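User: I would like to go through this model with you and ask, for several of the terms used to describe it, what justifies each one. Please set the values against the criteria where a criterion is needed.

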Amino acid sequence: MGLKWGFAGTGWIANVLAQDFKLTDMEILAVAARNYEGAKDFAHKLDIPKTFATIDELVADSELDIIYVAAINSAHKDIAIKALNSGKHVLCEKPVAMNAKETREIIAAAQANNRFFMEAIWTRFLPVQFKIREAIKEEKFGKVFKVIADYGEAPDRKTKTRIWDRENGGGALLDLGIYPISLTSSYLGIPVKTEISAFGKLTDTGVDETDTIIFNYQNGNQAMINTTISTYSSIRLSILGSRGRLELDYPLYGETTFNIFDNDNRIIEKYEGLKTSDLKGTGRQLQALEVERCINNGLLESPIITWDESIRIMEVLDEVRRQIGVIYPQD
């Protein structure tokens, strides 16, 4: 059974997902945003039947089954809880909230209302990531013991003001660093606070400009994650194993290619990604298809990104921010 979706927010990410929806039979029935004229333009461009001036009107619409939260980070919690309390399922853009406390509040609302909730960490649902997790499980390059990941971009401060806005969850960590952290957690597990070391440089607005994050797991595994909003970096990821390594190509967050090398530095396996797959668009529709699959099967959370994992990853982000000195008003 197809669900009727409502979009809360009409920014860049909402536009991208809406375009990916067109590659499926999923239905966007309504949209709302802070800018009503912008919401009307969004609806007209994408042939969405309903436009609402407020989020309250959106979540109150009895025809809607699920709300996709694509608003600014600081608004995630309030919109998600309103939607859940109105009996709607929710897919919430990453980062799921401003901190772990807010994340727990959202999930408590999902539990109380017996509704599905999932963080929209779309990278987890790409074919390349299933292939990587399969390669790790099958020990194709030995037992994995280290991840090295790098994600830096250079957003325009004049047009991407939210990234420098402390009140709205700005900084490299929540915008970019969450990708390699989430991926690393899917390969090595989620570290506890005592296994995390973080070093950073702050902007004049008090958000993190550049971070170096080290996970030193008690079992001896390690991860090193670099993220920055100062410059474009390689945006690649390496996974080291006892018999070789896996090199994930640019961009680490997308449907891309990888090579597996043995310890003689010879390529023993290739994954060609979009060159050989029939995946269309950016692949963001795959997370929404998973949401519909789960709901139609009576599940309240996805096994690919569970409630507990979203909470624990947010706890990692909180600890990194604590160590580098980024404090949000919501803390």
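Analyst: What follows is a set of questions and answers on helix packing, sheets, unusual backbone geometry and the largest pocket, all for a predicted model.

User: What makes α4 roughly parallel to α5?

Analyst: The two helices, α4 and α5 (residues 100-113), pack at an angle of about 5°, with their axes 9 Å apart. Angles under 35 degrees count as roughly parallel, and therefore α4 is described as roughly parallel to α5.

User: Which residues make that contact, and how do they divide by class?

Analyst: On the α4 side the contact is made by H76, K77, A80, I81, L84 and N85, and on the α5 side by E102, E105, I106, A109, A110 and N113. By class, the contact of α4 with α5 has six nonpolar, three polar and three charged residues.

User: How do you know that β4 and β5 are paired strands?

Analyst: Strands count as paired if there are at least two bridges between them, and β4 (residues 66-69) and β5 (residues 89-93) have four bridges, in the parallel sense, so the criterion is met. Within this pairing, V69 stands opposite C92 in β5.

User: Why is the sheet that contains these strands called open, and which are its edge strands?

Analyst: Six strands form this open sheet, in the order β3-β2-β1-β4-β5-β6, and their pairing is parallel. Its edge strands are β3 (50-52) and β6 (117-120), each of which pairs on one side only. From one strand to the next, the twist averages 20°.

User: What packs on this sheet, and what angle does its direction make with that of β1?

Analyst: Helix α1 packs on the sheet, where it touches β1 (4-8), β2 (27-32), β4 and β5, and its direction makes about 160° with that of β1. Angles over 145 degrees count as roughly antiparallel, so the direction of α1 is roughly antiparallel to that of β1.

User: In which sense does β7 pair with β10, and in which with β11?

Analyst: Strand β7 (residues 144-152) is joined to β11 by five bridges, and these two strands run antiparallel; V144 stands opposite G241 in β11. With β10, β7 pairs in the parallel sense over seven bridges, and the bridge partner of V147 in β10 is A223.

User: Where are the cis peptide bonds, and what are their omega values?

Analyst: One cis peptide bond joins K94 and P95, with omega about -15°, and P95 is found in the loop between β5 and α5. Another joins Y250 and P251, with omega about -10°, and P251 lies in the loop between β12 (244-248) and β13 (258-262).

User: What makes the backbone at I235 worth noting?

Analyst: I235 has phi near 55°, which is a positive value in a residue other than glycine. The residue is placed in the loop between β10 (222-228) and β11 (237-241).

User: How much space lies in the largest pocket, and what lines it?

Analyst: About 1,100 Å³ of space lies in the largest pocket. It is lined by 42 residues, of which G11, W12, I13, R162 and D175 are the closest to its centre. The elements that give two or more residues to the lining are α1 (12-21), α4 (76-85) and α7 (172-188), and α7 provides the largest share, three residues. By class, the lining divides into 23 nonpolar, eleven polar and eight charged residues.

Key
Residues are numbered from 1 along each chain as its sequence is written. This is a predicted model: local features need pLDDT of at least 70, side-chain atom pairs count only at pLDDT 80 or more; totals for chains, interfaces and linings use all residues. Side-chain values use heavy atoms; hydrogens and water are left out. On a 1 Å grid over the protein atoms alone, a cavity is a set of points where a 1.4 Å probe fits but cannot get out, and a pocket is an open set with protein on both sides within 12 Å along at least five of seven lines; lining residues have an atom within 4 Å of a point. Grid points are joined across faces, edges and corners, and a volume is the space filled by probe spheres set on the points. Ala, Val, Leu, Ile, Met, Phe, Trp, Tyr, Cys and Pro count as nonpolar, Asp, Glu, Lys and Arg as charged, and the others, Gly among them, as polar. Axes are lines fitted to C-alpha atoms, for helices over the stretch in contact, and angles run from 0 to 180 degrees between N-to-C directions. Contact means heavy atoms within 4.5 Å. Angles under 35 degrees count as roughly parallel, over 145 as roughly antiparallel, 65 to 115 as roughly perpendicular and the rest as oblique.
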